[in-house]
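Work through the two exercises below with the sequence and the structure open. Each task is followed by a solution in steps.

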Amino acid sequence: MISQNALHHAEKCRFCWMCRHLCPVQHQTGREVNTPRAKGLLLSMANKGTQPFDKDMAQAMYECLLCDACTNDCATGYQPPLFIREARTEAVVNELAPEAVMKLIDNALETGNIYGVEKPSYGQDGTDVLVYIGEVAAIQVPQMAKNLLAVLKKAGVSAKVLANEPASGVMLGDLMGYTEEVRQQAKACADAINAAGLPVVVLDSYDAEIMKQKYPEWGCEIKTDVTTATAYVAKLIASGKLEAKAGTGVQGACHDDDRLARTFHEFAPIRAMAKAAGYEVGEMFSREKLAKSCGTAVAYGYMPALVEKIAASRWEDLKRSGCAAMLTASPQAYLCLSLCVPEGKALVDLYAALV
Amino acid sequence: MNNILVCVKAVPATTSVQVDGQYRLKREGASLQWNIADESALEAALSLKDKDGTVTVVTMGPPKLEAPLQDLLARGCDRVVLITDRLMAGADTRATAGALRAAAKRLGPADLILCGRRAIDGETGQVPGELASALGIPCVSNVEKLEWEKDRLLLHRRLETGVEVLSARGPLVVSVCEYAYSLRLPGILSMRRARGKTVERYSAADLGLTAEQCGLKGSLTKVTAMESKFPGLRNGPKETDPAKGIQALRAMLREVQP
Ligand code: SF4
Ligand code: SF4
C-alpha cells in the first residue's frame, strides 16, 4: 500500500525534464523508464489503475541508486527515493521484486548482511570511540576498515569495534523500503551501540545517514554523538593529532559520495584529508551537492553490470578534470570505482594515504 | 489468549488545525494522523500480542480513515473497525465513550482495552475513564509500561512524584502515555497477511444507537467560545537582542498563563 504522502510526491512533477540530465542510471541506459520523472508517473498510473503494478514496474523501481540527485535538483520538491522505497516494499510484499534482489533480502534477514557471510572480527576494545565499520567495508573493502583503524591509532585514539557488529538496517531499507524488519535491525544496532556507551565514528556514510535520520524517528536513538569517519579524521588533522604528510605532487579529485554530498552536505573534511595526505586537490565538474553517484554496494549486488557502467562514467568525469587520482573515503564508492580503474589513473583510499 | 481492544482517534496534523463556526475542529479537509498517545497504546497492545493474543482497533471518524486503518492491519493488528455515521459528528467525550462502549459490546469480550491518555486536539483525557465507567470496569490511567505476569498485568503508572506499579486482572481500561511506546512499521509478513482483510464499518444503527445518543445531541458539553491566547510567531514582537528576546518571551508567557 503506497502512502498518501508518497503519492503526493509522485504527483508533484511539472515536466520540466531537468532531472533526466542528472540521473546516473538514465545516463547509462538511455531509457525513458529510468528517468526520475517516469518512476513517479508509473506509480501514479498504478494508483489510478491504468497500469498494473507488475514485475516490469517493480524492475523499474529497482533501477535506481536512491542517490537523491533528482531530489536535490527538482524545483517542485519531488522526492523519488521516498516513493521508490515504498514501491519496493509493495514489490516485495507482492512477490514481484527481481530474484537477485530477493536473494540479497534473504541473506540480510538470515545472516544480518546482504552477502550472507560472517563479518570479520577486529579484536579492538578501545575506550575513546566506537568505530562502526558497516557490512560493505567489513566484507567487501576490508582494507579500508583496517586503514581507518590504523589512522585512529596513529592519532592516539583508542578505538573499539563491536565483536558481532549488528547491521544498521541501511541495506535492507534500500532493498525493501522502511519496514518493521528494518526497524528491528536498527533497534538491535542502536541497543548494541548504546550498550558500549562511546561516541560513534561511522565509516560508511550510508550507515551514518540511517543512524542519524531514521533511528530517532523509529524510537531507537543512539544516545551518544554519531560522527562520520571523514568529519572525525578531519578534526584530528585540524587539531594536529594527525600530522600532514609531505606533498605527493599528484593532483587528485575527491569523489563526494551520495550521502556526504546530499544528506550531510559534508564537503570540506574529505578535501582536508586529501591535502593532509599530500595531494593537490583538483575538482570534477559534478561535485559537492551536484556530485554524480558512482554506484552503491546494494545496487552492485543485484545489477553489477549497470553499476560498473555508472562507475566508469564517474571515471570519465575524472579524466575530464585532468586529475590523476580519484580520492575517496567511502567504502561503497571504493567498491564501485575499483571495478573499472582506467589505465593511468589511480583509485586512492584516503585512510590508506594518511596512515 | 488475550483479546485486546485499542481505541484510537485521528486528529488533525498539527500544521492544519482549523475550527468551524460552532467551535468544532474541521476534520473534513484536514490531513489527519493518529493521535500520538493512541499510537503508543497501539504499540503497547502489539507488544503484548507478540507473546499471545489478538489486537482489534476501533476508531470513530469519516470514511477516509479506511486507508490509515488498512495500514494498521499491515502493522500487525488483527481486526480494524471504523464507526462512521453523520449522526456522530460533533460528539463530546461522553457521546464518544457511548459509541465506543456500544462497539466494544458488539465486538465481544475484551480482556484489556487500551486508549491513549489524551488526544492532542481536545486534550480532555476523559474518554478512557468514561468508557470504563460505561462498561462498568476499572480504569488505570497514565500508564507507560505494560507487561504480563502470568495471568495478571503489571502496569507502570506515571505520577507527578514517581512511578507506581500496579498489578491488575482484566477486563479493564488502561490509558497509555504518549511516547511510552513507538509504533512499529508495517512488516512484510503482516502486510501479506493484511492483504485479504478489510476494514469493518459500523453505523449508529449497527451499534443500536439512536440519534439522541450520538453526536451533538448525545453530548453533555458544548464549546461555546474559543479564544486564541497565542500571539502567533509571525505577529509577535521581533527581537534580535537575545537578552531583550528572553524578556519579551517571559512577558508573553505571563500573559498567556498568568
Ligand atoms: S526535475 Fe522535477 S519537475 Fe522537472 S521533470 Fe524532473 S521530477 Fe518533474
Ligand atoms: S535517486 Fe538517483 S538514481 Fe534514483 S531516480 Fe533519482 S537521480 Fe536517478
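Buried area is the accessible area, found with a 1.4 Å probe, that two parts lose on being put together, summed over both. The model used here is predicted.

**Exercise 1.** Describe the interface of chain B and chain A: its area, its salt bridge and the side that chain B contributes.

*Solution.*

1. Start with the area. About 1200 Å² is buried between chain B and chain A, and carbon and sulfur atoms give 62% of this. Of the area that chain B buries against chain A, 46% comes from Leu185(B), Ile188(B) and Arg192(B), more than from any other three residues.
2. Count the residues. Chain B brings 14 residues to the contact, and chain A brings 14 residues.
3. Look for charge pairs. The rule finds one salt bridge across the interface. Arg192(B) pairs with Glu95(A), with the closest N and O atoms 3.8 Å apart; the cut-off is 4 Å.
4. Add the polar contacts: seven residue pairs across the interface.
5. Assign the side of chain B that touches chain A to helices. Helix 2 (66-74) and helix 5 (188-194) of chain B each supply at least two residues. Helix 5 of chain B gives the most, with four residues.
6. Sort that side by residue type: seven nonpolar, three polar and four charged.

**Exercise 2.** Check the length of helix 6 of chain A, then decide whether this helix is mostly covered or exposed.

*Solution.*

1. Helix 6 of chain A covers residues 80-93, which is 14 residues; at 1.5 Å a residue it should span 20 Å. The end C-alpha atoms are 20 Å apart, so the two values agree.
2. Helix 6 of chain A is mostly covered, with 12 of its 14 residues buried. Among them are Phe83(A), Ile84(A), Arg85(A) and Glu90(A).
3. Just after helix 6 of chain A, Glu95(A) has a positive phi of about 55°. Glu95(A) is also the salt-bridge partner of Arg192(B).

Definitions and conventions
Residues numbered from 1 in each chain as written. Chains lettered and ligands numbered in written order. Predicted model: local features only at pLDDT ≥ 70, side-chain atom pairs only at ≥ 80, totals over all residues. Heavy atoms only, no water. Contact = heavy atoms within 4.5 Å. Salt bridge = Lys/Arg side-chain N within 4 Å of Asp/Glu carboxyl O. Polar contact = N/O pair within 3.5 Å; in protein donor to acceptor, adjacent residues only side chain to side chain. Nonpolar A, V, L, I, M, F, W, Y, C, P; charged D, E, K, R; others polar. Expected span 1.5 Å × (residues − 1). Buried < 20%, exposed > 50% of the residue type's maximum accessible area, 1.4 Å probe, protein only.
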